[in-house]
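Student: Could you take me through one part of this model in close detail? I work at the bench, so please explain each term as you go.

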Amino acid sequence: MPGVREGTTKIDARLSTLLIAVRGREYGGFQLGGVIQAQLFDGDLFSGKYGVYPGVAYIEATNERWRFAAGLQPDVFSPKIPRMVDSMSGMAGSGNPGNSMKPQLRAERFVLTGGGKLTLQAALADAQPSNIQPPSLESTENTGRPNYEARIAYARGAADAAVSRVPYPEWEIGVSGARGAFRTFSISNAFPAYDTRLSGIALEGAARFGQRLGIQGELYRGRAFAPYLGGIFQTVAADRTPVRSEGGWGELAWWWRPSLHSHLGYGRDRAWATGSAQPALRVNETAFANLYWDPSPMTTLGLEATWRRTEYEGDIDNEGLALMLSSELRF
């Protein structure tokens with residue numbers, strides 16, 4: 001609650017991931033395959049239940065110039081994510097939209113240029129995210145029409161461990177957009193159902209400098225953007241006016257040695273409405289600093305301090321500091 005100090009200690013394995021990648025036969029110049037990735041929690045990220053949740057499940061056909069995929073996949077819109085121990089939230093609601101999982105049909109085109117790669121992506125996606133269901137989406141449904149997503153990005157110089165410890169391209173820049181609609185309804189019939197249009201645009205970038213330093217980040221602006229984890233998970237104000245939002249995040253990465261690296265980042269979301277009512281959450285921001293140690297190619301240990309602050313309507317704010325430890329085994 002705002003203004004009330006709280007403390008919590010929790011030990012769990014809900015971030016554990018099971019990944020199965022299948023490589024099939026070649027057909028018509030395309031490599032066929034698929035991916036299933038599941039996490040050890042049930043329902044959605046906010047439910048607190050244990051189980052096996054399919055976060056990603058798709059089939060694909062790829063070659064050097066094209067990729068076609070169908071199934072449960074991350075958004076085409078604003079795909080970058082900061083390197084955090086708390087990777088499941090990844091600054092969602094704090095300047096980092098996208099990164100939700102939606103059933104979609106996707107087509108991608110790759111164009112190789114002198115020393116670089118141009119990527120064009122387009123998708124038809126379901127209107128609602130499946131991995132996170134904030135309260136603002138509890139009484140919403142799709143309108144029967146898909147969301148439209150598109151992205152264009154250019155990367156210069158591929159990530160190369162022989163050139164730099166930082167796993168980024170030499171530099172990369174991209175822009176993406178999303179547009180769609182959803183329907184809001186009342187379970188108790190307190191008001192008639194109504195449709196809301198959503199839209200958003202994002203700018204992304206990344207670069208590496210020398211052997212050790214890398215930076216990446218995104219900026220975005222959106223309207224009724226909770227289905228893309230923007231707007232601090234808010235869709236409409238009390239007067240049914242769409243909640244508008246803007247924000248972004250940035251991260252600085254430093255490799256102390258090949259097996260030891262740190263990441264420092266900050267993200268911020270600001271929400272407002274143009275009608276007579278304002279959204280309940282006005283500003284949400286997150287800052288983090290961590291240290292990763294990779295003692296072997298199959299093992300990673302992480303330690304992260306995370307600070308979060310939320311500003312509510314009525315000049316009320318709440319903030320807190322969290323410390324997270326993680327261990328990761330890949331096989």
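## The run of paired strands

Tutor: Let's start at a turn: a hairpin of 2 residues joins strand 12 to strand 13. Strands here are DSSP runs of E with at least two residues, helices are runs of H or I with at least four, and both are numbered from the N terminus. This is a predicted model, in which local features need pLDDT of at least 70 and side-chain atom pairs count only at pLDDT 80 or more, while totals for chains, interfaces and linings use all residues. Residues are numbered from 1 along each chain as its sequence is written, and side-chain values use heavy atoms, with hydrogens and water left out.

On either side of that hairpin, strand 12 (residues 244-257) and strand 13 (residues 260-272) pair in the antiparallel sense over 13 bridges; two strands pair if DSSP finds at least two bridges between them. To find the register, look at Gly-247, which stands opposite Asp-269 in strand 13.

Strand 13 also pairs with strand 14 (residues 281-296), again in the antiparallel sense, over 11 bridges. Here Arg-268 stands opposite Glu-285 in strand 14, and Gly-267 stands opposite Thr-286 in strand 14. In a regular strand the side chains alternate between the two faces of the sheet.

Next, a hairpin through 2 residues joins strand 14 to strand 15. Strand 14 and strand 15 (residues 299-312) run antiparallel, with 13 bridges joining them, and Leu-291 stands opposite Leu-303 in strand 15.

Some residues of this part also appear in the lining of the second largest pocket, which includes Trp-255, Pro-258, His-261 and Asp-294. Arg-83, Ala-159, Asp-160 and Arg-165 are also among its lining residues. On a 1 Å grid over the protein atoms alone, a pocket is an open set of points where a 1.4 Å probe fits, with protein on both sides within 12 Å along at least five of seven lines, and lining residues have an atom within 4 Å of a point. About 150 Å³ of space lies in this pocket; that volume is the space filled by probe spheres set on the points, which are joined across faces, edges and corners. By class, its lining has 6 nonpolar, 2 polar and 4 charged residues. Ala, Val, Leu, Ile, Met, Phe, Trp, Tyr, Cys and Pro count as nonpolar, Asp, Glu, Lys and Arg as charged, and the others, Gly among them, as polar.

Now step back to the whole chain. Its secondary structure comes to 0 helices and 16 strands. Buried residues make up 43% of its 331 residues, where buried means under 20% relative accessible area, exposed over 50%, and partly exposed in between (1.4 Å probe, protein chains only). Among contacts (heavy atoms within 4.5 Å) between residues at least 6 apart in sequence, 59% join residues at least 24 apart.
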